[in-house]
Amino acid sequence: MMRSEPFDEPRLLEAARNGDEHAMGLLIERYQPRVLRFGLRMCRNVEDAQDVVQDTLLAAARGLKRFEGRASISTWLYTIARSYCIKKRRRSKFAPPREESLNDDDNDDVRRLAAPERSPEQAAMDREMEAALRVAIDGLEPMYREVLVLRDMEGLTAPEVAQVVGASVGAVKSRLHRARARIREALLPFLQADVEDASNSDCPDVIELFSKNLEGEISESLCHQLQSHVDRCPRCKRKCDSIQRVVLMCRTQREPIVPEQLRTAVSEAVRALQSNKPTGSFR
Ligand SMILES: [Zn+2]
């Protein structure tokens with residue numbers, strides 16, 4: 001979570017529950033880009049993702065009073081968003097996934113500002129790889145895709161992901177390991193790990209073990225053993241570096257810029273909803 005500005009979530013929630021429009025607006029501002037990012041990866045097309053954002057935030061605004069705070073607000077929002085994504089999927093079952101590009105140019109500008117020292121070649125390479133990452137994620141079956149997106153892009157914990165998707169933590173983790181391995185395979189041409197010769201029977205499955213280690217499923221002694229193997233084995237070292245890079249890339253995916261007309265539509269819909277309620281004040 002960003003900590004650059006004070007964001008007193010419990011206080012905002014309380015105020016929003018009491019009908020404070022400003023507090024509600026701040027909460028929406030905060031979560032809108034994340035719901036959009038999730039929707040884009042789950043729906044795989046811009047229009048559906050935008051619908052999901054609007055439906056989710058309106059449902060959340062309507063249901064805020066019922067939100068009991070047992071889950072974090074983001075877990076709750078992703079749960080709502082997921083149900084709308086599933087509805088969309090049912091409706092467009094036979095429609096092929098469409099390549100999406102949501103204001104990529106805007107995002108590139110943000111990137112240039114964030115990393116002005118990068119050469120144009122490096123920037124182009126990164127862009128290509130990010131596009132390949134999106135294609136790879138989009139190619140996963142929904143049950144793997146949602147777990148990877150929630151855990152590695154949206155940053156939920158495995159138990160939170162389990163709550164959102166209604167599966168056991170164990171099931172979430174095993175889907176996650178598989179999803180990460182598949183994404184890495186898809187990105188091999190970019191990872192300079194291309195020398196993937198037939199696996200040596202003495203070598204451990206470093207890809208799965210690395211993923212398990214991220215989820216705290218590896219004992220300390222096994223971890224040490226692995227490390228000493230990786231230090232001695234260039235092939236496993238390459239594999240380890242590649243899976244690490246893939247996970248890092250997922251985890252550093254920027255929030256998309258929410259198109260102005262979507263922001264306006266959401267805030268107008270929420271305001272209309274609130275105008276039927278008594279208002280409080282947030283100071
Ligand atoms: Zn090895």
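## A crossing of two helices

In this predicted model, helix H4 passes helix H8 in a right-handed crossing. The contact between the two is made by Thr-75, Tyr-78, Thr-79 and Arg-82 on the side of H4, and by Glu-160, Gln-163, Val-164 and Val-165 on the side of H8. Sorted by character, the residues of this contact divide into three nonpolar, three polar and two charged.

Helix H4 spans residues 73-91 and helix H8 spans residues 158-165, and their axes come within 9 Å of each other while crossing at roughly 35°.

## The chain as a whole

The chain has 13 helices and zero strands, so that, read from the N terminus on, its elements run α-α-α-α-α-α-α-α-α-α-α-α-α. Of its 283 residues, 48% count as buried. If one takes the contacts between residues at least 6 apart in sequence, 76% of them join residues that are at least 24 apart.

## The zinc site

A zinc ion is coordinated by four atoms of the chain, namely SG of Cys-203, NE2 of His-229, SG of Cys-233 and SG of Cys-236, at 2.1 to 2.3 Å. Along the chain, these donors follow the spacing C-x25-H-x3-C-x2-C. Two of the residues that hold the ion, His-229 and Cys-233, are buried.

Why is the arrangement of the four donor atoms around the zinc ion called tetrahedral? The angles that they subtend run from 101 to 116°, and four donors count as tetrahedral if all angles lie between 85 and 135 degrees. For comparison, the ideal angle for four tetrahedral donors at a metal is 109.5 degrees.

## Two buried residues in helices

Asp-48 is found in helix H3, which covers residues 46-63. Asp-48 has a relative accessible area of 13%, and it therefore counts as buried, since the cut-off for that word is under 20%. When its neighbours within four places in sequence are left aside, Asp-48 is in contact with Cys-43, Lys-88 and Ser-92.

Ala-16 lies in helix H1, which covers residues 9-17, and at 4% relative accessibility Ala-16 counts as buried as well. Leaving aside neighbours within four places in sequence, Ala-16 is in contact with Ala-23, Met-24, Leu-27 and Leu-64. Leu-64 deserves a second look in this list: Ala-16 and Leu-64 are 48 residues apart in sequence, yet 7.9 Å apart in space when taken from C-alpha to C-alpha.

Methods: Residues are numbered from 1 along each chain as its sequence is written. This is a predicted model: local features need pLDDT of at least 70, side-chain atom pairs count only at pLDDT 80 or more; totals for chains, interfaces and linings use all residues. Side-chain values use heavy atoms; hydrogens and water are left out. Axes are lines fitted to C-alpha atoms, for helices over the stretch in contact, and angles run from 0 to 180 degrees between N-to-C directions. Helices (H or I, at least four residues) and strands (E, at least two) are DSSP runs, numbered from the N terminus. A crossing is left-handed if the near helix is turned anticlockwise from the far one by less than a right angle, and right-handed if clockwise. Contact means heavy atoms within 4.5 Å. Ala, Val, Leu, Ile, Met, Phe, Trp, Tyr, Cys and Pro count as nonpolar, Asp, Glu, Lys and Arg as charged, and the others, Gly among them, as polar. Donors are N, O and S atoms within 2.8 Å of the metal (3.2 Å for Na, K and Ca); water is not among the atoms, so sites may look incomplete. Four donors count as tetrahedral if all angles lie between 85 and 135 degrees; four count as square planar and six as octahedral if opposite donors are over 155 degrees apart and all others between 65 and 115; anything else is irregular. Buried means under 20% relative accessible area, exposed over 50%, partly exposed in between (1.4 Å probe, protein chains only).
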